[in-house]
Amino acid sequence: MAQQSTETDWVSRFADEVVAEAERRAAGKVTSGASAPGTGVVVASGLSPSGPIHLGNLREVMTPHLVADEIRRRGIPCVHILSWDDYDRYRKVPAGIDPSWEEHIGKPLTAVPAPPGSPHANWAEHFRAAMEESLAELGIEYRGISQTAQYTSGAYREQILHAMRHRKDIDAVLDRYRTKDKATGKPKKQQQKPVDAAELEAAEGSGAAGEDDGSAGGAGYYPYKPYCTVCNKDFTKVIGYDDETTQMSYECVACGHSETVALREFDHGKLVWKVDWPMRWAYEGVVFEPSGVDHSSPGSSFVVGGQIVREVFGADQPIGPMYAFVGISGMAKMSSSKGGVPTPGDALKIMEAPLLRWLYARRKPNQSFKIAFDQEIQRLYDEWDKLAAKVADGTAQPADAAAYTRAVGTAAGELPRTPRPLPYRTLASVVDITAGHDEQTLRILSELDPQNPVASLAETRPRLDKAEHWISTQVPADQRTIVRDEPDEELLAGLDEQARGSLRLLLDGLDDHWSLDGLTTLVYGVPKVQAGLTPEAKPTPELKVAQRAFFALLYNLLVGRDTGPRLPTLLLAVGADRVRRLLGG
């Protein structure tokens, strides 16, 4: 029986279902998949290296990774297959690429030259390499499969011949979802499956309606698409096929070439996507594979594939949860076709791998979420650090603790982490003020907690480096902190007695409060003392107004703006002597 988990997080629940389904399959029949016996449970992902693989695509990998990792934690063998769909056609030239690359449209991605300046052999390898580097940093264990290698080596030859023999059965399944009559091109009067207007709109918007079903016409339907052996493009049409001899005739619209080949020996083409995907489910014995919301609409690949895998390939469809879109703070739904969308590599430059893993682990697949590249990243890190503290003292909720555990490590061990994780917002403020000067940065960080000083910047890395990259690439120049070189004599001269008194109280307390906690108490306490209260008094609405006015005064005297980094951090960064000079002390 499957081991039932006592945890309440979504990963454990899916792992329970997947293990139970794998046991059901094993008890009912011997799998016809190509995976060797003893491989264990098979989960799968698929990525097309047609362009930058973005943070939305990462959910395609993270969802099965987390489930596979939970299964491995239980001591059950599990393999995570990651299919690189690098034998897909090159569809369009992304923004920013030389328009001359348009001449390669229709070729396999592995036959398209890499973008200018790339060290990689081809287009697919260029984008695949960047993703592989990110997956390694994220601790994701998988078995990569190149679909170019699979098809061109003849690994799928029997599956292709099987699909061609059953092309009428495949065509019948596809026809249940076609909204137009394939013979006339006119809208069907009746659908075997009712589809309402909203569903049709969803199907159109998903891209599912535009997926190639295969060649259909006077010569019949064919689920196989050859790449022309002359121009290497897929602007081809199968015009005849003999089941006995496997002789296939095709013609190329692009270059005019036509030929007849023996399909049992021909390895220069692929099954159309709606047949290719279910074929691979059967071939690999996949038990779990998620899909995006665009695959949940009528006629989409996942819906149709479920019928084709059963009716044509005699296998079971994987458990397939739908996953929602991932956005970026301030941006709409991501689409790699639009270019410029952040990749996992971009995110890993400003956040540590465990934090990025946590964002995917803490949300159910059907819940959308955003990844912060703006100021929100500071609040996100605060939340992460609070969770770490709760996990450490045993007060975290079970599901939150489970998500944290999945974020900081895998069944293979813990991920590298920052030895001394100082608050991200503090590190960002410090590198903002020091412009990344190591000696100055260490001086400030060592003064944050005099009782336990930071002895080396290595203690604060890689978090320090992530914060520095965020400041240098994501914070606009007009929001960067530039400390005044000279006092604002005009502002100082115009201060009333209360303002001058507040500055005297601050300056008189600097030496006794020179630490992050001490300065926090001091800057919040000055307006309290001026109001006749103790520094520990709870602020009233009137007191909060006085505090804001005091803070604005300090910011203007130190950095020439009404706002800036947290004042305790700013004061430490500026240094006591310079603070006294700028505040007229």
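## A buried arginine, an enclosed helix and two cores

R420 is buried, with a relative accessible area of 17%. The cut-off for burial is under 20%, so R420 falls on the buried side. The model is predicted. R420 sits in the loop between β14 (413-414) and α14 (424-434). Beyond its neighbours within four places in sequence, R420 is in contact with D449, N452, P453, V454, E459 and T460.

**Helix α14**

The loop that holds R420 leads to α14. Ten of the eleven residues of α14 are buried, so this helix is largely enclosed by the rest of the structure. The buried set is Y424, T426, L427, A428, S429, V430, V431, D432, I433 and T434. Five helices pack against these buried residues, as tabulated here.

| Helix packing against α14 | Residues |
|---|---|
| α12 | 376-393 |
| α15 | 438-446 |
| α16 | 463-474 |
| α19 | 516-530 |
| α21 | 567-574 |

Just after α14, A435 takes a positive phi of about 55 degrees.

**Nonpolar cores**

In soluble globular proteins, nonpolar side chains tend to be buried together. The largest nonpolar core here has 105 residues. Within this core, L356, Y360 and I371 touch the most other members. Leaving aside neighbours within four places in sequence, Y360 is in contact with W10, L55, L58, R59, M62, L66, V326, F369 and I371. Thus I371 is both a contact of Y360 and one of the three residues that touch the most other core members. Apart from the largest core lies another, of 46 residues. Its members include I170, L174, Y227 and C252.

**The β6-β7 hairpin**

Strand β6 spans residues 247-252, and strand β7 spans residues 258-262. The two pair in the antiparallel sense over five bridges. One bridge joins S249 to T260 in β7. Five residues lie between the strands of this hairpin. There, G256 takes a positive phi near 90 degrees. C252, a member of the 46-residue core, falls within the β6 range of 247-252.

**Confidence**

The mean pLDDT of the chain is 89. Of its residues, 88% reach 70 or more. Two stretches score low. Over residues 1-7, pLDDT stays under 50, and the model has 15 contacts for them beyond four places in sequence. Over residues 190-210, the pLDDT is below 50. That stretch has 24 contacts in the model beyond near neighbours in sequence.

Conventions
Residues numbered from 1 in each chain as written. Predicted model: local features only at pLDDT ≥ 70, side-chain atom pairs only at ≥ 80, totals over all residues. Heavy atoms only, no water. Pairing = 2+ DSSP bridges. Helix = DSSP H or I, 4+ residues; strand = E, 2+ residues; numbered from the N terminus. Buried < 20%, exposed > 50% of the residue type's maximum accessible area, 1.4 Å probe, protein only. Contact = heavy atoms within 4.5 Å. Core = buried A, V, L, I, M, F, W, Y, C linked by side-chain atoms within 4.5 Å. pLDDT = per-residue confidence, 0-100.
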